[in-house]
Amino acid sequence: MTIIELTALTQSSQKTTEEKLHILKRVRWELMEELHGRQQLVDQVDYLIFQLQADKKTKNLQGGR
């Protein structure tokens, strides 16, 4: 859902406050799950960068390319 849709939902009279809260909490949970998954991917990429930089330093110390 977009923020425009969520704002419209909160202003709608078709749903109760409890229903609105339930929907918003579900959307928030889904966003946090997505964020968590993306953070894990960022952490994995950071580790690969770290490994490559460490390998490069080791090769430079050994006189390699």
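A residue counts as buried when its relative accessible area is under 20%. By that yardstick, buried residues make up just 9% of the 65 residues in this predicted model. The fold itself is quick to describe: two helices and zero strands. The C-alpha atoms fill a box of roughly 70 × 20 × 10 Å along the principal axes. The radius of gyration comes out at 23 Å, whereas a compact globule of 65 residues would sit near 11 Å. About 6200 Å² of the protein is exposed, and carbon and sulfur atoms supply 58% of that area.

Now for the charged side chains. The structure holds one salt bridge, and the partners are Arg26 and Glu30, whose closest N and O atoms are 3.4 Å apart. That pair counts because the cut-off for a salt bridge is 4 Å. Both residues belong to helix α2, four residues apart, or about one turn of the helix. Neither end of the bridge is buried: Arg26 is partly exposed at 39% relative accessible area, and Glu30 is partly exposed too, at 41%.

Lys20 makes an interesting contrast. This lysine also sits in helix α2, which spans residues 17-61, but Lys20 is buried and has no salt bridge. The nearest side chain of opposite charge belongs to Glu19, and that one is 8.2 Å away. So what does the side chain of Lys20 reach instead? It gets to the backbone oxygen of Ser12, at 2.6 Å. Leaving aside residues up to four places away in sequence, Lys20 touches Leu9, Thr10, Gln11, Ser12 and Lys15.

Terms used
Residues are numbered from 1 along each chain as its sequence is written. This is a predicted model: local features need pLDDT of at least 70, side-chain atom pairs count only at pLDDT 80 or more; totals for chains, interfaces and linings use all residues. Side-chain values use heavy atoms; hydrogens and water are left out. Buried means under 20% relative accessible area, exposed over 50%, partly exposed in between (1.4 Å probe, protein chains only). Lys and Arg count as positive and Asp and Glu as negative; His and the chain ends are not counted. A polar contact is a pair of N or O atoms within 3.5 Å; within protein, one must be able to donate a hydrogen and the other to accept it, and residues adjacent in sequence count only if both atoms are side-chain atoms. Contact means heavy atoms within 4.5 Å. The radius of gyration is taken over C-alpha atoms; the globule rule is 2.2 Å times the number of residues to the power 0.38. Accessible areas come from the Shrake-Rupley method with a 1.4 Å probe; for residues, only the protein chains shown count as cover.
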